[in-house]
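Reader: I should be grateful for a close look at one part of this model, the loops, with an account of their backbone and of the charged side chains that tie them to the rest of the chain. Please take the neighbouring elements into account where they help.

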Amino acid sequence: MATPQDILKMIKDENIKIIDLKFIDMPGIWQHCSFFHEEISENSFIEGVPFDGSSIRGWKAINESDMCMVPDPDTAWIDPFYKEKTLSMICSIKEPRTGEWYNRDPRVIAQKALDYLKSTGLGDTAYFGPEAEFFLFDDVRFDQTENSGYYYLDSVEGRWNSGRQEAGGNLGYKPGYKQGYFPVAPTDTAQDIRTEMLLTMAECGVPIEKHHHEVATGGQNELGIRFDTLVKSADSLMTYKYVIKNVAKKYGKTVTFMPKPLFNDNGSGMHTHLSIWNEGKPLFWGDKYANMSQMGLHAIGGVLKHAPALLALTNPSTNSYKRLVPGFEAPVNLAYSQGNRSASVRIPLSGGNPKAKRFEFRCPDATSNPYLAFAALLCAAIDGIKNEIDPGEPLDVDIYDLSPEELSKIPSTPGSLEAALEALENDHAFLTDTGVFSTDFIENWIEYKLDNEVNPMRLRPHPYEFALYYDA
């Protein structure tokens, strides 16, 4: 582990002039401020660096705006996208008046979730492995005014361009709808870009694994990163998004992690793997279904029970629920299974290796704030373990092939962000009774989402409504 002294020595030895401090706002977007190196001292790693928090979404009022960024020396890396050599570090937020960690800072909440796990005596480590998909587009335009509203997306890989006249001729290599999984070049045009993204992430300290094209046409891709502890995994995911967007910009392209930017093809999810360990031993390996332990099955039971409320944090955008619809590999049915990707909780087939035993929650997407999503998921799993929640019988069939009568017996995910927020309002004791999330945070989250996303969407006509109703 790096120490403040290590960082200060690096700054001096490598003649680094600029220190860039990053932190995450409540909805899940990185913010940053760059400091001349002389402004950072050993005390900065204890008391923090002051800044105005009143303009950060969902945070402080103007009359109590002073806050402090406390850099984590373990997160230091040289930013590859700046001309001047710049040292980047991720921060947690403190209240300067009290010296306490700020209860609306997502990174602080994530650390509290780990502390809560340890306090229960159930385990000392939670590992998370997120799989965030994204689209790589060549052109994006959108606008909304009082008398107009539209979006336009384009990609050289888009199947809709198979008849377009292109400079040098249209070569015709366009992945079909739902046929973009693992094609080789020339159909896959993004190999070199993805490789640069992956290797750049490694330079920034992210543990990397692989990269590949994804199912949808129009440039859907995924890069694989290794699992890590809760806070570190969330840190890596934020670096993942930062690197991908900036490498894409270098190539004149643009990236979106929106769950459903394209109509009538697969959306982008963020399947999330979870396991709990204690003293270096995996606790989900056992002799029950799919070689899970009883503890692991109870953890799944907690996730399935609280899933409607969980989705308010793991799928927190109105666009999330355009992905969570049947027919596009979306896990809308709240069930679990071994190796079955149509279930919302999947137990991957991991052979006889106890260390690989985990479960995968397939609902989340990358519009979520990863610190909040992972913390909430851990709280739900712990609640299932503590209360021995039975997940029911597994479903080892393709859920999408079940009859309407059979499907009616399986609970499903909320159909909208508003419904998920209502579920969270009615079911949040598993988050707040733990001390991980405060009641203030939950109330503020629901109010923010309703006022800034749900209600504004409700007020605006949708372009397709004109096709449906203009001649009424």
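Author: A suitable place to begin is Glu388, in the loop between helix 7 (370-386) and helix 8 (404-407). The model is a predicted one. Although Glu388 is not a glycine, its phi is positive, at about 50°. Its side chain is exposed, because the relative accessible area of Glu388 is 58% and the cut-off for exposed is over 50%.

A second residue of this kind is Lys178, a non-glycine residue with a positive phi near 65°. Lys178 belongs to the loop between strand 9 and helix 3. With a relative accessible area of 40%, Lys178 is partly exposed. The loop between strand 9 (149-154) and helix 3 (191-203) also holds Pro186. There the peptide bond from Ala185 to Pro186 is cis, and its omega is near 10°.

Glycines with positive phi occur beside regular elements as well. Gly121, just after helix 2, has a phi of about 80°. Helix 2 itself runs over residues 106-120, and its 15 residues span 21 Å from first C-alpha to last, close to the 21 Å expected. Among its buried residues are Ile109, Ala110, Ala113, Leu114 and Leu117. The spacing invites a general remark: an α-helix has 3.6 residues a turn, so residues three or four places apart point the same way. Gly218 likewise has a positive phi of about 80°, in the turn of the hairpin that strand 10 and strand 11 form with six residues between them. Strand 10 (208-213) and strand 11 (220-225) are antiparallel and share five bridges; in one of these pairings, His212 faces Glu222 of strand 11.

The charged contacts of the loops come next. In total, 20 salt bridges are counted. In one of them, Asp79 meets Lys22 with N and O 3.4 Å apart. This pair joins distant parts of the chain, since Asp79 lies in the loop between strand 5 (77-78) and strand 6 (86-94), while Lys22 lies in strand 1 (18-24), 57 residues away. Both partners are buried, because Asp79 has a relative accessibility of 3% and Lys22 one of 2%, and the cut-off for buried is under 20%.

Asp138 and Lys253 form another salt bridge, at 2.3 Å from N to O. Asp138 sits in the loop between strand 7 (125-137) and strand 8 (139-144) and Lys253 in the loop between helix 4 (230-250) and strand 13 (254-256), so the contact ties together parts that are 115 residues apart in sequence. Asp138, at 31% relative accessibility, is partly exposed, and Lys253, at 21%, is also partly exposed.

A pair between strands may be set beside these loop contacts. Glu360 forms a salt bridge with Arg346, with closest N and O atoms 2.6 Å apart. Glu360 is in strand 18 (359-361) and Arg346 in strand 17 (345-347), and 14 residues separate the two. Glu360 is buried at 0% relative accessibility, and Arg346 is buried at 8%. Elsewhere, salt bridges with shared partners unite Asp154, Arg164, Glu166 and Lys174 in one network.

A nonpolar part of the surface completes the account. Val140, Phe142, Tyr151 and Phe263 make a nonpolar patch of about 520 Å². Tyr151, which lies in strand 9, is exposed, with a relative accessible area of 54%.

Technical notes
Residues are numbered from 1 along each chain as its sequence is written. This is a predicted model: local features need pLDDT of at least 70, side-chain atom pairs count only at pLDDT 80 or more; totals for chains, interfaces and linings use all residues. Side-chain values use heavy atoms; hydrogens and water are left out. Helices (H or I, at least four residues) and strands (E, at least two) are DSSP runs, numbered from the N terminus. Buried means under 20% relative accessible area, exposed over 50%, partly exposed in between (1.4 Å probe, protein chains only). The expected span of a helix is 1.5 Å times one less than its number of residues. Two strands pair if DSSP finds at least two bridges between them. Patches are made of residues with over 30% relative accessible area and no salt bridge: like charges are joined within 9 Å, nonpolar side chains (Val, Leu, Ile, Met, Phe, Trp, Tyr) within 5 Å. Accessible areas come from the Shrake-Rupley method with a 1.4 Å probe; for residues, only the protein chains shown count as cover. A salt bridge is a side-chain nitrogen of Lys or Arg within 4 Å of a carboxyl oxygen of Asp or Glu.
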